[in-house]
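Q: Please take a close look at one strand and its partners. Keep it brisk, and set the part in the context of the rest of the model.

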Amino acid sequence: MRAVPTWVDKVHDRDKVEQCIWDLCFKPDGSQIIVAAGNRVLVYDTNDGTLIQPLKGHKDTVYCVAYAKDGKRFASGSADKSVIIWTNKLEGILKYQHNDAIQCLAYNPLTHQLASCAQTDFGLWSPEQKSVSKHKVGSRITCCGWTNDGQYFAIGMYNGVISIRNKTGEDKVKIERPGAAMSPVWSLEWNPSKDEAFDILTVADWGGQLSFYQLSGKQIGKDRHLEYDPCCVSWFSKGEYVVIGGSNKQVSLHTKEGVKLGTIGEQNSWVWCCRVRPDSNYVAIGCQDGTIAYYQLIFSTVHGLYKDRYAYRDNMTDVIIQHLITDQKVRIKCRDLVKKIAIYRHRLAVQLPDKIVVYELYSDDSADMHYRIKEKINKKFDCNLLVVCSQHIILCQEKRLQCLNFKGIKEREWIMESLIRYIKVIGGPPGREGLLVGLKNGQIMKIFVDNPFPIVLLKQATSVRCLDMSASRTKLAVVDEHSTCLVYDVNTKELLFQEPNANSVAWNTQNEDMLCFSGSGLLNIKASNFPIHQQKLQGFVVGFSGSKIFCLHVYAMSSVEVPQSAPMYQYLEKKLFKQAYDVACLGVTDQDWAALAHEAMEGLDFDTAKKAFIRVRELRYLELLHSIEERRRRGETDNHLFLADFYAYQGKFGEAAKLYKRAGQEGKAMNMYTDMRMFEYAKEFVGSGDPADRKMLITKQADWAKNINEPKAAAEMYISAGEYLKAIDIIGDNGWADMMIDVARKLDKADRQALLLCADYLKKMEQYAYAAECYHKMGDSKALMELHVEARHWDEAFALVEKHPEFRNDVYIPYAQWLAENDRFEEAQQAFHKAGMQGEAVRVLEQLTHNAVCENRFNDAGYYFWKLSMQCLDIAGEEPEKRGEMLQKFHDFQRKADMYYVYHSIQRYTDEPFTSHLPEALFNMSRYLLHCMIDGMPHGVSKVAALYALAKQSKSLGAFKVARYAFEKLQALRIPSRFQESIDLGSVTIRSKPFHDAEELLPMCYRCSTTNPLLNNHGNHCINCRQTFVHSFVSFEVLPLVEFILEDGITDEEAVQMIGTGVFRRKKKEDSWQESRMGSILGFTKKIKYCME
């Protein structure tokens, strides 16, 4: 750190008496300084120290000044007990009084609220208030300051106590320090940094102590002893440094922890005030003798670099190590002024004012950024340059070089002929590293730390400014005092080349023939003996690794990615492919890699081309190179042929064709052109009179036409080439029926595959007649029959079945399914019968029946059950082995058909408001249905509905006994809510009726003339003779029919004839009629029913 005086002024009164500078402050934009000198307020221009204007308004000494944060107003306080508010145009606008002399002023950083402190009280003024609110204190006030958020301000007092108050003046925190009575607080200020976790108050007292406190009053760290009485404290705008002046006639720079970094300026009298210009490195000082000094602080860069690790000083006391590749950073807090830094491999050396600390990495990992202390050399050293090696510290002081081990013991010393201008470690084994040293007299030397004798590499006429040596130690680059970059051969001492306008130079650590140097705002990259490539770059080049250049600009080190395209193309122009590849490996774009690969391929450097194509992942070219390698291993050596293949891959078809022809491979040229659909060029290479080549060319041309979406042209070309299958596919996909028919008629009947394909496509186009023509042409009757079935041409299918009965099932089964789908069930059944699928016919009807029941279509259900019974009867007659099962199903289906037929009327009666049936008919239907339910109740039939209908009709017809029975039965069942009220009422009212049924309603058996009850628990037959009652399915009355059995010897025909004539032949037996009960008939019987209606 250096302090450079910018300007100095000394203030006198009219009598040339020195005027003490009690206070000063900066305008927030830094353009002006307001100075309290004598009884005047002076305004200076900060740029050149010109006095802009003296302000008069006070009658006594001005002790303090303060500027508002927004720069619109400032205030001054005087021993005349007054405070004056001034505008930024230097006009006084307000004045108010205190009871004592004004000691200090401070503006709230967020508002225009002003804290003015007198000896025994303080006041708070703001433009919004009409009066100043004043508050008494117990001791003399010496200083004050606001927090960054403007909520609190601190007051320092002569008794050593610090009072922290809110913005209304209420006391919130009181800091009473040990020995405060003997240590008046003379200056305080809050740290302006916004990055701190809490507010930090800096306090300087006349006990010679510097202290730091939190807002809560808690002390931060320990007191720093200053060895003088501090009079003023001022922070830098970002809070990284603090400036202190006082009785030692100096202004010192300290860290934010209070560590002294250096002296800004020495004066001839006490320094009463010092202030840092906002957002800059300028400091203004006011002294007892009237001196106003304005200094610029220059913070020099202290840093070190080794390959990709850069160490530099931060905040004067910290060391930051930055990894330039990964941009990782680690901070080491030294808590003292860092004077020098050196870094080498895993070592880091830091020089502090009284010692050198050597650090080492925790591990050998190249990415490790954690350092720990290895050794401390507790000695004070004076040196210009510091270098660290694996086991030694090298100190450079003018002409002298000293080598010390890590214990601080000097092992070796070298005295040079001239001043040392540059020194650098160039590597070597641990403990035997080499140093490259440049002297002012132009000598360049190599020194090994274990060798007392320096080695002179070369001597030039101009002073050395910068040095670097190539990776193989064969070339040396020097920048001299005339900004010329000179490159020498170390072995021959020959000057290889020189370039002007250089301020620093660096060899590429990964390429022996490449270096870069910077100067005049340009970066220069030179490869071998090629011309220089330039681009803009600000700063100094300090390292060059691969494609990364490490540049130091002002105080920041940055890594600049520089594509090595220009040097690579320079090598390519000279056909130096291997060297171009080495440069490309340092870092070029994918486009540059592709250019290198193609150039190397054309130059027949297949190894370099392969490596470059791998970089850009060009699989096509890698496959080509692989095939070339295989062909070369098989003995093929014609490079023209290899190059022709490469040109073909590149799209240079003309050049490839010429090379193919030169190599005698016209066929390859033709294949290339046909593959690229360049058929006109391909015809030039077709062999004369070779039909196979011509056919192949037409086929490829057709393929191309198909791919470019010209299907018609492709189909015609395929036909002309005899590729009928491909042509048929194209025609079929596009639905061109006429063209398909023409192709089918052209085909020979032996070409079955093509004809089948034509027929399939014609079927898809619904051109069934032409498809049938194809099948006729082939003689394929089965396919023809399947075509008719698919097209639903049943007449043609049946006609074909008559000629070919073996296809019967293949026609009738789809026909039956089609009929069933179209609700033509009777015809479907017949078709199933014809196909011999009786089971399928039964399943169709069963499903229909189930659906009808689920949908409450009971009339349809009865009809379907009747159809099922007839179906079962037919099966019983046709298949004797199933007769028993089918007859049982016949009777069951007949019973269900009758029940569903009857229940249809009952359900309509209960669910609909009107019915077409007479009460007697509904009464008989209910009785019939209940008798049938004894043998089982089919799905969907409701017993509640039957009983409800019977109860209603019985009551209305006078069958009260039956009605009472029905109501009683209903009470035991789950009744729908819509019937509940009616049934409950009927159950009650029926008890008032007689307990018998009307006689005219009782049925009579026509066989035994027995009167039967209306309901029989054993079924629908006579209770005496068990003759089954036969009902009329119109009124459901019992019909006068009697069952009889023919005697043996009477045939059915004779019986019918006898019934017709009414004449019966009598047997000799006494009994002419033989009766039998139901269920006891033995043998074959014939039932004959005769209806009287």
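How many bridges join β19 to strand β20 (residues 209–214), and which way do the two run?

A: This is a predicted model. Strand β19 and strand β20 (residues 209–214) are joined by 6 bridges, and they run antiparallel. One of the paired positions is Asp205, whose bridge partner in β20 is Gln209. The two strands form a hairpin. Between them lie 3 residues. Gly208 sits in that turn and has a positive phi of about 75 degrees.

β19 also has a partner in strand β18 (residues 185–190). Here 5 bridges join the two, again antiparallel. In this pairing, Ser187 stands opposite Ala204 of β19.

Next, burial. β19 covers residues 200–205, and 6 of its 6 residues are buried. Buried here means under 20% relative accessible area. The side chains split into two sets. Ile200, Thr202 and Ala204 point one way. Leu201, Val203 and Asp205 point the other way. Both sets are buried. Asp205 is thus named twice: it is buried, and it is bridged to Gln209.

For context, take another set of strands. β6, β7, β8 and β9 form an open sheet in that order, with antiparallel pairing. Its edge strands are β6 (62–67) and β9 (92–97), each paired on one side only. From one strand to the next, the twist averages 20 degrees. β6 is joined to β7 (residues 73–78) by 5 bridges. Within that pairing, Val62 has Ser78 as its bridge partner. An unreviewed UniProt entry places the feature "repeat: WD" at residues 55–86. That span is 59% strand and 0% helix, and its end C-alpha atoms lie 9 Å apart.

A helix gives a further point of reference. α25 has 12 residues (960–971) and should span 16 Å at 1.5 Å a residue; its end C-alpha atoms are 17 Å apart, which agrees. Its buried residues include Phe960, Val962, Phe967 and Leu970. Arg964 is buried as well. The buried residues of α25 pack against α24 (943–957) and α26 (977–989).

Last, confidence. The protein chain averages a pLDDT of 83, and 82% of the residues score at least 70. Residues 1064–1093 stay under 50. For this stretch the model has 38 contacts beyond four places in sequence. Where pLDDT is low, the predicted coordinates should not be read in detail.

Terms used: Residues numbered from 1 in each chain as written. Predicted model: local features only at pLDDT ≥ 70, side-chain atom pairs only at ≥ 80, totals over all residues. Heavy atoms only, no water. Pairing = 2+ DSSP bridges. Helix = DSSP H or I, 4+ residues; strand = E, 2+ residues; numbered from the N terminus. Axes fitted to C-alpha atoms, helices over the stretch in contact; angles between N-to-C directions. pLDDT = per-residue confidence, 0-100. Contact = heavy atoms within 4.5 Å. Expected span 1.5 Å × (residues − 1). Buried < 20%, exposed > 50% of the residue type's maximum accessible area, 1.4 Å probe, protein only. UniProt positions renumbered as here; feature names shortened; annotations may be inferred.
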